[in-house]
Amino acid sequence: MRITDIQRCEVRPGRLVEWALSPATVAAAADLPEDPRPPAYLQESHIRTAQSVHEDGLFVPTWIGTAFDIPGTVDLDALQDALRGWTLRHETLRSGFRWDGDVMRRFTLDTEAVSLHREDIGDFPDAEQLVEHLQNRFDTVANALRWPNFLYAAVIRDDCTSVYIAFDHSNVDSYSIQRIPAEMSELYAAAVEGRPAKQSPVSSYVDFCEIERADADRIDSSHAIVGRWREFIKRCNGKLPNFPVPLGLEPGGPLPTQKLMSEMLVDADSVAAFEAYCRPFGGSLVGMLAATSLIVNEIGGQPVYRAVVPFHTRVKSKWSDSVGWYVGGAPIEVPIDEAPDFLGALKVVRAELQANRSLARMPLARVLRLLGSDFRPTSPDLYSIVSFVDARGISGAERWDELAAYGLVRVSYGDQVCIWLNRLHEGLWFTCRYPDTDIAYKNMRLYTERLGDVILEVAREQRARELAPHDLAG
């Protein structure tokens with residue numbers, strides 16, 4: 001799925017309809033007793049960060065979502081049935097939090113208490129005004145500091161209807177939103193045809209939160225994982241790492257606005273050849289991080305590339321179809337003197353990931369709490385990321401172009417760099433959110449171009465090797 005912002009996802013004029021949880025559902029939630037299943041550490045950290053930034057006087061929208069088309073004339077009642085069915089299917093969407101002093105308490109609605117309210121907003125003949133309206137609505141509703149914190153919308157036309165869905169990040173991750181077009185399309189088709197949907201039951205992210213948190217609470221500050229993070233953060237000068245190129249940020253200055261880059265970086269054949277070259281060392285993720293370590297050294301001159309690498313935490317197959325925020329992070333360090341070229345960098349990154357990947361299963365928010373350091377967040381992102389996902393195997397990926405399917409990120413404020421690399425059937429899609437300064441733009445543009453160059457160089461070398469085979473791993 002191409003990940004971009006709502007300004008770049010082919011929004012076209014039409015009649016706008018919105019769905020939210022009904023007033024009766026919201027009223028029922030207000031009277032619910034506590035659900036003893038706690039928030040995930042990641043959820044709690046996200047919501048506390050939003051609160052902290054808000055207390056500093058800044059509203060920072062952090063929603064993510066998806067957009068896709070339903071071909072032909074839409075049946076609004078069937079679409080509403082599909083949206084409600086999908087909401088019931090994923091328990092995290094009918095679960096929220098309320099404050100009890102400084103403690104977050106969960107509440108969860110039963111399925112029979114959930115209904116949607118449909119509102120016909122009206123015609124939008126101008127696409128720019130429609131984009132502005134959608135963004136403002138998502139900013140208001142899909143917000144970490146309120147509940148419900150998601151919104152469904154559809155732009156209706158004679159030839160097709162475009163569906164836009166936004167969630168506060170505490171409900172979903174990138175994998176979750178990329179599954180939505182296929183899952184929703186099946187629910188809609190079933191509703192139109194009056195048949196049961198062809199979908200197996202899914203496990204609950206709320207259950208996962210309870211299990212993960214209980215496991216995390218078993219460790220204390222003397223645990224080896226905490227010690228390894230302590231040493232890593234010490235080598236990062238007491239902070240979690242930002243992207244190590246000059247970004248033109250003023251130390252101690254206000255949180256900057258951000259910009260977005262999104263483009264197809266290389267074609268399918270080139271990313272396939274790159275993957276083949278990197279496969280003996282762990283595949284494309286290792287290759288992207290190896291390339292990044294060399295490029296940021298060229299640009300910023302840092303002798304060691306330090307990063308927190310995101311990994312999914314869907315370690316059991318029962319979580320694979322579940323909507324939720326299943327992400328952890330693992331630290332890596334790539335000394336350039338040990339990795340002066342791409343092959344050397346591949347070997348170092350492989351060793352780092354083999355040694356540290358298991359750390360991603362322990363929520364970093366738990367570790368930071370145990371470290372006892374003052375990590376009061378002043379930014380919506382704790383650290384910069386370079387994320388790689390091979391999305392070709394996600395259900396419905398082969399239809400994403402046909403359905404004009406996009407993943408949506410909200411670009412607002414932040415001093416970190418977040419890079420998402422999505423391998424699609426058509427090639428490698430690059431998305432980057434970065435601080436809006438001239439220096440950051442220049443260096444992120446340079447990074448993007450160099451990353452494309454490295455992938456093409458490695459792809460050419462792989463094709464040459466395939467013509468004259470020899471032992472790649474050496």
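**Helix α2**

I listed the buried residues of α2 and got Y41, Q43, E44, H46, I47, T49, S52 and V53. The model is a predicted one, and I read every entry below with that in mind. I then checked what these buried residues pack against, and found β4, β5 (103–108), α6 and α11 (364–371).

I looked up the length of α2. The helix has 15 residues and spans 21 Å from its first C-alpha to its last, close to the 21 Å expected at 1.5 Å a residue. After the helix I noted G57, which has a positive phi near 95°.

**α2 against α6**

I took one of the packing partners, α6, and looked at the geometry. The axes of α2 (residues 41–55) and α6 (residues 205–216) come within 9 Å and cross at roughly 95°. An angle of 65 to 115 degrees counts as roughly perpendicular, so I entered α2 and α6 as roughly perpendicular to each other. On the α2 side I found Y41, Q43 and E44 in the contact, and on the α6 side Y205, C209, R213 and A216. Sorted by class, this contact of α2 with α6 has four nonpolar, one polar and two charged residues. I noted that Y41, Q43 and E44 are also on the list of buried residues of α2.

**α8 against α10**

I repeated the lookup for a second helix pair. Helix α8 (residues 268–278) packs with helix α10 (residues 342–356) at an angle of about 65°, and their axes are 11 Å apart. From α8 I recorded F274, Y277 and C278, which meet F342, L343 and L346 of α10. The class count for the contact of α8 with α10 is six nonpolar, no polar and no charged.

**D139**

I located D139 in helix α4 (residues 127–141). Buried or exposed, I asked of D139? Its relative accessibility is 9%, and the cut-off for buried is under 20%, so D139 counts as buried. I then looked for a polar partner and found R410, with a polar contact of 2.8 Å between the two side chains. Leaving out residues up to four places away in sequence, D139 touches F59, P61, W63 and R410.

**H90**

I found H90 in the loop between α3 (76–89) and β4 (95–100). H90 has 1% relative accessibility and therefore counts as buried. Which residues does H90 touch, not counting those up to four places away in sequence? I wrote down E183, V202, D321, S322 and V323.

**Backbone checks**

Most residues other than glycine have a negative phi, and most peptide bonds are trans. I therefore looked for exceptions to both.

I found a cis peptide bond between W147 and P148, with omega about 0°. P148 sits in the loop between α4 and β7 (150–156).

For phi, I recorded E10, which is not a glycine but has a positive value of about 65°. E10 is placed in the loop between β1 (2–4) and β2 (14–21). With a relative accessible area of 47%, E10 is partly exposed.

I also recorded N237, another non-glycine with a positive phi, here about 60°. The position of N237 is in the loop between α7 (224–235) and β9 (258–267). At 70% relative accessible area, N237 is exposed.

**V103**

I looked up V103 and found it in strand β5. V103 is partly exposed, at 36% relative accessibility. Outside the range of four places in sequence, V103 touches R48 and R98. I also took a separation along the chain: V103 and R2 are 101 residues apart, and their C-alpha atoms are separated by 38 Å.

**V296**

My last lookup was V296, in helix α9 (residues 284–300). V296 counts as buried, with 1% relative accessibility. Its contacts, without neighbours within four places in sequence, are F243, P244, V245, G301 and Y305. For the separation, I noted that V296 and L403 are 107 residues apart in sequence and 36 Å apart in space, C-alpha to C-alpha.

Definitions and conventions: Residues numbered from 1 in each chain as written. Predicted model: local features only at pLDDT ≥ 70, side-chain atom pairs only at ≥ 80, totals over all residues. Heavy atoms only, no water. Axes fitted to C-alpha atoms, helices over the stretch in contact; angles between N-to-C directions. Helix = DSSP H or I, 4+ residues; strand = E, 2+ residues; numbered from the N terminus. Parallel < 35°, antiparallel > 145°, perpendicular 65-115°, else oblique. Contact = heavy atoms within 4.5 Å. Nonpolar A, V, L, I, M, F, W, Y, C, P; charged D, E, K, R; others polar. Buried < 20%, exposed > 50% of the residue type's maximum accessible area, 1.4 Å probe, protein only. Polar contact = N/O pair within 3.5 Å; in protein donor to acceptor, adjacent residues only side chain to side chain. Expected span 1.5 Å × (residues − 1).
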